[in-house]
Amino acid sequence: MVSELRYDWTVGEIREILEMPFLDLMYRAQTVHRENFPANEVQISSLLSIKTGACPEDCKYCPQSAHYSTGLEKERLLSYETIIEKAKQARKIGATRFCMGAAWRNPKDRDIDFIVRVIRGVKELGLETCMTLGMLTDEQTARLAEAGLDYYNHNLDTSPEFYENIITTRNYEDRLNTISALRRHNIKICCGGILGMGESREDHASFLRQLAIINPHPESVPINMLVKVKGTPLENAPDLDPIDFIRVVATARIIMPKSVIRLSAGREKMSDEMQTLAFMAGASSIFYGTKLLTTPNSCESRDDSLLKKLGIRGLPAEMYSDEEELGIIFEKIHEGAHEDQEEHHGCFRLE
Ligand code: SAM
Ligand code: DTB
Ligand code: SF4
């Protein structure tokens, strides 16, 4: 048994794991993964931005911050009907969890009635619900819990030491306070961060420690690769070595053995081989669908063929058993693809 549930990891211990010979690290991570999860399955979530842009926070990676000119079109809070319609579509393509994000520093108390209604409506469709709305007060958290919210996504993003290089309008403590409120009210926590913002290996170790000392560990740990968006201060951040990214995924797998590690933003720019290494390292959840919140995601047809190639289950059973149906789905996705579109990693995108 390699898995050990511990909440007292030190940065030094985590760094030692991060720096293990790569093949040893992968072997240990995959062993821990198999002790705790089915070997060949990924969980599929779908994302929807329910309120887009004009966010007062200054997160240097974020296309939605009002501090930067990214050309993103702002959108008011979507209507109840639109959100439910999108949730139905997500269910149709095989998502089991519907994650809704709002570009808010925090929701206003007057927004909570609407959010509660949305949670109830999405749950009625048989989907798990996840929200990411910024910081919450204890009372707001209680209301979301009462409505039956399954998960709340609230990322620490990076190490406490590197944090002020990335965000100045709130501090680490603010994030931890919301996480404590979620724990008090028994909402499952989806908490992770972003790699590739110019942070060091020591920051990776320190960031992972912050996650691993949360007791109990976050149920879901999203590891995002920075999506470099034009107009944000991080648009020209140097690329993180893919092997170092995989090292973080594997280390997260080892030190939080019962948590689902989610390979989140950034998959669009990852090769099939890199994503495969991430699955080997213990990632077992992805966002599915052509869009994340505001940026492109790896397209469905590419994901379908990658998962199929790897023999990983995640999509509805018929996509695996019925070649003809798979063909029809591919055709639908590619419908309308014409000459002024470019193919990127097997996905057709408008130039
Ligand atoms: N406003 C809320 C908040 O910050 O908690 C919720 C939405 S916010 C967009 C959710 C998460 O998306 C952030 O915590 C961040 O980790 C991730 N994110 C935002 N922009 C990103 C980017 N360009 N690349 C990778 N991840 C990003
Ligand atoms: C998370 O950690 N990654 C997702 C989800 N939580 C909400 C969001 C990624 C957003 C990437 C940038 C965008 O599309 O706006
Ligand atoms: Fe706002 Fe969230 Fe983007 Fe930060 S990450 S600017 S809080 S939407």
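A pocket is an open set of grid points with protein on both sides within 12 Å along at least five of seven lines. In this predicted model, the second largest pocket has a volume of about 500 Å³. Its lining comprises 24 residues. Closest to the pocket centre are Leu226, Val227, Lys228, Gly266 and Lys269. By class, the lining divides into 14 nonpolar, five polar and five charged residues.

The ligands were examined next. Ligand 1 sits in the largest cavity. The spaces taken by ligand 2 and by ligand 3 are likewise assigned to the largest cavity.

Ligand 1 is surrounded by 16 residues. Tyr61, Asn155, Asp157, Arg175 and Val227 are the closest of these. Val227 also belongs to the group closest to the centre of the second largest pocket. The shell of ligand 1 contains 10 nonpolar, four polar and two charged residues. Polar contacts involve both side chains and backbone. A polar side-chain atom of Asp157 lies 2.7 Å from an oxygen atom of ligand 1. For Arg175, a polar side-chain atom is 2.9 Å from an oxygen atom of the ligand. A polar backbone atom of Ala102 lies 3.3 Å from a nitrogen atom of ligand 1. On its own, ligand 1 has 560 Å² of accessible area, and the protein covers 91% of that.

Around ligand 2 there are 13 residues. Asn153, Asn155, Asn224, Thr294 and Thr295 come nearest. Asn155 is also among the closest residues to ligand 1. The shell of ligand 2 holds seven nonpolar and six polar residues, with no charged residue. Three side chains make polar contacts here. A polar side-chain atom of Thr294 is 2.6 Å from an oxygen atom of ligand 2. The corresponding distance from a polar side-chain atom of Asn155 to a ligand oxygen is 2.8 Å. Asn153 places a side-chain N or O atom 3.0 Å from a nitrogen atom of ligand 2. Taken alone, ligand 2 exposes 410 Å², of which the protein buries 88%.

Ligand 3 is surrounded by Cys55, Glu57, Cys59, Tyr61, Cys62, Ser65, Ala103, Trp104 and Arg170. Tyr61 also appears among the closest residues to ligand 1. The shell of ligand 3 divides into six nonpolar residues, one polar and two charged.

Technical notes:
Residues are numbered from 1 along each chain as its sequence is written. Chains are lettered from A and ligands numbered from 1 in the order in which they are written. This is a predicted model: local features need pLDDT of at least 70, side-chain atom pairs count only at pLDDT 80 or more; totals for chains, interfaces and linings use all residues. Side-chain values use heavy atoms; hydrogens and water are left out. A residue is near a molecule or strand if one of its heavy atoms lies within 4 Å of it. A polar contact is a pair of N or O atoms within 3.5 Å; within protein, one must be able to donate a hydrogen and the other to accept it, and residues adjacent in sequence count only if both atoms are side-chain atoms. Accessible areas come from the Shrake-Rupley method with a 1.4 Å probe; for residues, only the protein chains shown count as cover. On a 1 Å grid over the protein atoms alone, a cavity is a set of points where a 1.4 Å probe fits but cannot get out, and a pocket is an open set with protein on both sides within 12 Å along at least five of seven lines; lining residues have an atom within 4 Å of a point. A molecule sits in a cavity or pocket if more than half of its atoms lie within 2 Å of its grid points. Ala, Val, Leu, Ile, Met, Phe, Trp, Tyr, Cys and Pro count as nonpolar, Asp, Glu, Lys and Arg as charged, and the others, Gly among them, as polar. Grid points are joined across faces, edges and corners, and a volume is the space filled by probe spheres set on the points.
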